[in-house]
Amino acid sequence: MTDMTDDQLPDISEVPTEHPPTRGTGWIASKVPLLVMIAVAILFHTQMGDMEVGSLTEPGPGFWPRVLIVGIILFSLVGFVADLKDGIESFELSGTVRVLAGFGALAAFVVIFDNTGMILAGIVFLMLWLKGLNGESWRLTVILALVTPLLTYLLFVEALGVRFPEDLIASLWGGR
Amino acid sequence: MKKLGIGLVAGVLTLSLAACGGSGSSDAGADAGAADGYPEDDITMIVTYAAGGPTDIAGRAVAAAFEKELGVSVVVENVEGASGAVGSAQLSQARPDGLTIAMTTASAVSRVPLIEEVGFTQDDVIPVGTVTEGAGVILVPADSPYKTIDDLVEAAKKNPDKITIGAAGAQTPQAVEIERMKSEYDVPLQLVPFQGDAPSLTALLGKNVDAIVPSYNAAVRAQHEAGAIRPLAIMGEERADYLPEVPTLAESGFEDLIYGVSTFILIAPKGTPEAVVAKLEETLEAAVKDPDTYKALDGDVLVPEKFTGSKDLTKKMKDESAALKDVLQELFG
Amino acid sequence: MDSLSSLIDGFGVVFTPENLLFVFLGVTIGTVIGVLPGLGPTATIALLLPITYGISPEAAIMMLAGVYYGSMYGGTITSVLLRIPGEAASAITALDGYEMTKQGRGGPALGIAAIGSFIGGTVAIVGLAFVAPLLATWAVRFGPPEYAALTILGLVLVTYLGTKSTVKSIIVALFGLLLASIGPDPIRGTSRFNFDMPELFSGIDLVAIAMGLFGIGEIMYNLEQRIKGTGTIGKIDRILPTKDDWKQSRWSIFRGTLLGFPIGMLPGGGGVMSSLASYAAEKKIAKDPSRFGKGAIEGVAGPETANNASSISAFIPLLTLGLPSNAVLALILGALMMQDITPGPALIEEQPELFWGVIASMFVGNLILLALNLPFVGIFVQLLRVRIGIIGGIALLVTLVGVYTISYMEFDMWVMLAAGLVGYLMRKTGFEPAPLVLAFVLGSVLEVAFRQSMLLSNGDLSIFVSRPISGSIIAVVALVVATSVFGAIRRRRGGKGGIVEMTKQLAED
């Protein structure tokens with residue numbers, strides 16, 4: 001696994017990584033990100049509004065963003081010409097579905113958190129995560145899904161004095 | 001291996017629990033039911049700037065004093081953004097029962113809404129009273145050729161846009177006064193905004209700017225006492241007790257430049273009953289004079305001798321925004 | 001000696017029960033996550049950030065620094081015993097380290113790595129204690145032009161040194177800079193790119209971005225890969241290296257220190273660069289380079305020493321100039337800013353307890369690490385049995401809650417989720433998040449410094465070259481860009497690339 005601090009795992013051919021980098025899914029994985037970046041740059045450009053750009057020697061609020069937007073588009077175009085297949089990994093259906101489900105569980109947490117508080121959200125999330133996505137045993141899942149949110153609640157609300165949205169479960173014993 | 005898994009949870013949480021070691025719970029028993037009327041419950045104080053900053057420190061000091069005075073707990077919530085306007089906007093939406101109040105700056109309420117669409121105006125909140133007032137001080141290095149404010153003005157007129165003056169930000173009250181000096185009095189100083197008072201002080205000591213306009217905070221005081229800097233003028237309406245020999249800008253020929261003051265205020269939502277506002281006002285006046293709070297607020301420099309209550313503060317802020325409206329919209333609109 | 005007495009005061013700061021606890025926690029967590037393949041120091045520090053919010057700034061930095069240099073020790077263990085680098089800076093160690101394990105010398109490999117790390121770390125701490133104050137007195141004169149030049153140098157080095165694909169890291173860095181421009185214009189104070197959302201008036205929170213990109217991105221990547229158990233763990237008999245081992249590696253340790261210290265200070269430098277450079281140097285100097293890759297102890301001692309030295313010296317530019325040299329340091333800068341401390345030339349004078357306390361804590365932390373890694377190495381090896389999914393789930397929960405507490409906005413949670421998705425996709429498509437985060441932090445510094453310079457000089461660009469310090473830095477930038485462009489052309493024609501390319505290649509050969 002790379003640690004992101006230091007930018008990159010050196011290419012050590014003798015060391016077999018656990019998951020050998022699959023040869024690129026080609027075009028999609030190497031060029032689509034560039035299209036996305038160009039789209040993002042254009043999106044930002046539409047939001048420039050009446051930002052004054054000024055000039056190199058008298059830069060206004062819009063000067064710097066303009067430079068960046070142009071730069072992103074330019075280098076993305078360069079990317080289309082250059083070979084950017086380094087480090088591309090293939091997307092496989094089962095893995096991608098798992099990751100999307102993982103993000104779904106996180107989104108569920110945020111929505112429940114907002115409506116009925118942290119504890120219930122934490123229980124639901126950990127159940128989904130541990131049992132649904134990681135296939136842990138029921139016993140471990142239930143224990144962790146109950147204990148972790150409660151401890152988190154105690155830590156943040158009781159000890160740190162943080163205020164979360166109204167907590168349905170904590171209200172059972174008069175907490176908030 | 002579930003043992004290890006659980007051990008890890010415990011580890012993470014011990015770490016986190018340890019992390020808050022000293023701070024402890026602030027849930028002082030709220031014996032609300034007994035009191036007749038306000039406050040019947042815990043109070044939430046929105047601080048409209050990031051935790052750890054000067055507004056937050058002041059807010060927490062005042063919150064502690066309120067807890068002591070009112071006997072309910074006062075929970076501080078930091079809602080930062082848009083120079084204090086995001087938190088102020090949130091306050092303006094709160095139920096007007098005095099149980100939600102906010103610590104913010106006068107400029108977040110009276111100036112920012114004139115510049116940006118922030119979802120509230122000055123009329124949507126009631127200023128309760130002034131907490132602190134920090135007048136800007138025009139400072140130069142001790143070895144600067146400018147001995148008086150007149151020297152500085154003279155030099156700026158001779159070398160338009162060459163004499164640089166650092167401020168804590170373009171929209172700070174002090175920076176706006178410098179811009180007005182340029183537009184209303186033809187003194188073409190070159191304003192260089194920094195990200196706060198501290199970096200501007202560093203720039204002054206490194207001779208990267210010719211002058212700066214911070215408030216007389218602890219770091220500035222230390223440099224002044226060490227003889228490294230010289231104050232030329234003070235940007236409030238009157239001279240300051242802590243720098244009695246330093247003239248105001250107004251008495252140096254800039255009669256209208258009296259708004260270069262950073263003011264921390266307490267606000268409540270529009271519609272808060274008058275009696276409640278009066279109670280808050282009274283509590284605030286007692287709070288800023290409470291010795292612990294006074295010390296935490298750096299009272300000798302920042303707490304004005306005479307307390308400004310709701311009515312006077314409202315009028316003061318109205319006058320200020322009336323006087324500055326056009327300038328602000330021209331500069332930042 | 002002024003520094004010496006201040007340092008002694010610094011030990012006074014460390015030796016309080018609370019601070020000692022945080023140093024201990026920091027280095028232990030660092031070792032643990034160094035061992036676990038799947039969480040690197042950046043992700044961990046991102047996850048810990050919100051928690052540091054409630055403790056004193058000294059304790060916070062002591063802990064986070066401990067995580068960083070602790071992970072340099074921990075990463076070695078998996079490299080040597082499993083051939084899986086626990087974190088990137090130890091990847092090169094796997095070459096000779098694992099060979100040594102196969103030859104039954106895994107213990108001495110770990111032993112020499114721990115000893116080398118300790119020596120490299122300690123020497124670097126002494127260097128930090130003496131270099132930083134000097135640099136700080138000098139840096140008081142740094143004005144906006146110098147900062148602009150330095151950040152440009154940093155960005156150029158980060159994108160150039162960082163990844164194999166320079167184009168990709170330039171795009172990512174530009175994107176980070178663009179994200180940083182959301183929020184108030186730093187000079188005028190007017191709002192930019194708020195997309196009509198009040199939550200964006202103050203810009204995007206670094207913590208949300210970093211936790212998403214590194215923390216969530218990493219955990220999701222692991223979820224996809226279904227990392228379960230690991231291979232067979234090599235056996236360790238004795239830890240202490242033999243006399244011969246020591247004889248063979250002592251000069252490697254010496255050279256590793258000399259290389260690691262300056263590389264750590266370079267923007268974009270840090271662990272990977274320093275261990276690669278050290279490996280390349282050792283191989284070059286060796287009488288019989290063919291031993292490398294077959295269990296040469298120098299190939300373990302040198303790089304491990306170098307990455308530790310660099311993880312310490314990386315604090316020099318952060319604490320004296322306020323400029324982080326890599327993503328970990330950018331996060332530590334974030335932790336300081338959350339406490340309303342802006343590091344810069346005045347830090348040593350204004351926050352002596354913080355500065356000297358942190359330095360002293362590094363001595364203590366390295367001692368603890370030596371103790372943890374020599375006798376207790378077996379315990380950490382056991383950690384390899386904990387399933388990453390469990391840690392990931394709990395970390396996600398705490399992270400989401402933590403980001404909410406920073407400004408009580410559900411919005412930040414969504415930003416973090418979005419950043420997590422982006423981080424995961426970047427990972428899959430070969431983009432590195434590190435330049436993004438670093439650019440995000442440096443972006444506003446650069447814009448502010450550039451525009452302030454233009455105000456100071458009244459629109460005269462020559463301010464950047466006419467001042468000696470900024471002029472020299474700009475010259476270095478020009479040199480780096482020129483060699484890289486030149487190198488790229490030469491490589492295309494089949495020749496050798498620039499200095500850095502050569503180092504990379506040497507290490508790979």
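## Positive phi residues and helix 4 of chain C

In this predicted model, B:Asp161 lies in the loop of chain B that joins helix 6 (149-158) to strand 6 (164-167). Its phi is near 60°, a positive value in a residue other than glycine. Most residues other than glycine have a negative phi. B:Asp161 has 14 other C-beta atoms within 10 Å and is therefore partly exposed, since a residue counts as buried at 20 or more such atoms and as exposed at 12 or fewer.

In chain C, C:Asn458 occupies the loop between helix 20 (433-456) and helix 21 (463-466). C:Asn458 also takes a positive phi, near 60°. With 15 C-beta neighbours inside 10 Å, C:Asn458 is classed as partly exposed.

A positive phi of about 70° is found at C:Arg83, just after helix 4 of chain C. The phi values are set out below.

| Residue | Phi |
|---|---|
| B:Asp161 | near 60° |
| C:Asn458 | near 60° |
| C:Arg83 | about 70° |

Helix 4 of chain C covers residues 57-82, 26 residues in total. At 1.5 Å a residue, helix 4 should span 38 Å, and its end C-alpha atoms are 37 Å apart, so the two values agree. Helix 4 nevertheless contains a kink of about 30°, centred on C:Ser71. Because 26 of the 26 residues of helix 4 are buried, the helix is largely enclosed by the rest of the structure.

Key. Residues numbered from 1 in each chain as written. Chains lettered and ligands numbered in written order. Predicted model: local features only at pLDDT ≥ 70, side-chain atom pairs only at ≥ 80, totals over all residues. Helix = DSSP H or I, 4+ residues; strand = E, 2+ residues; numbered from the N terminus. Expected span 1.5 Å × (residues − 1). Bend = angle between axes of the 7 residues up to and from the residue.
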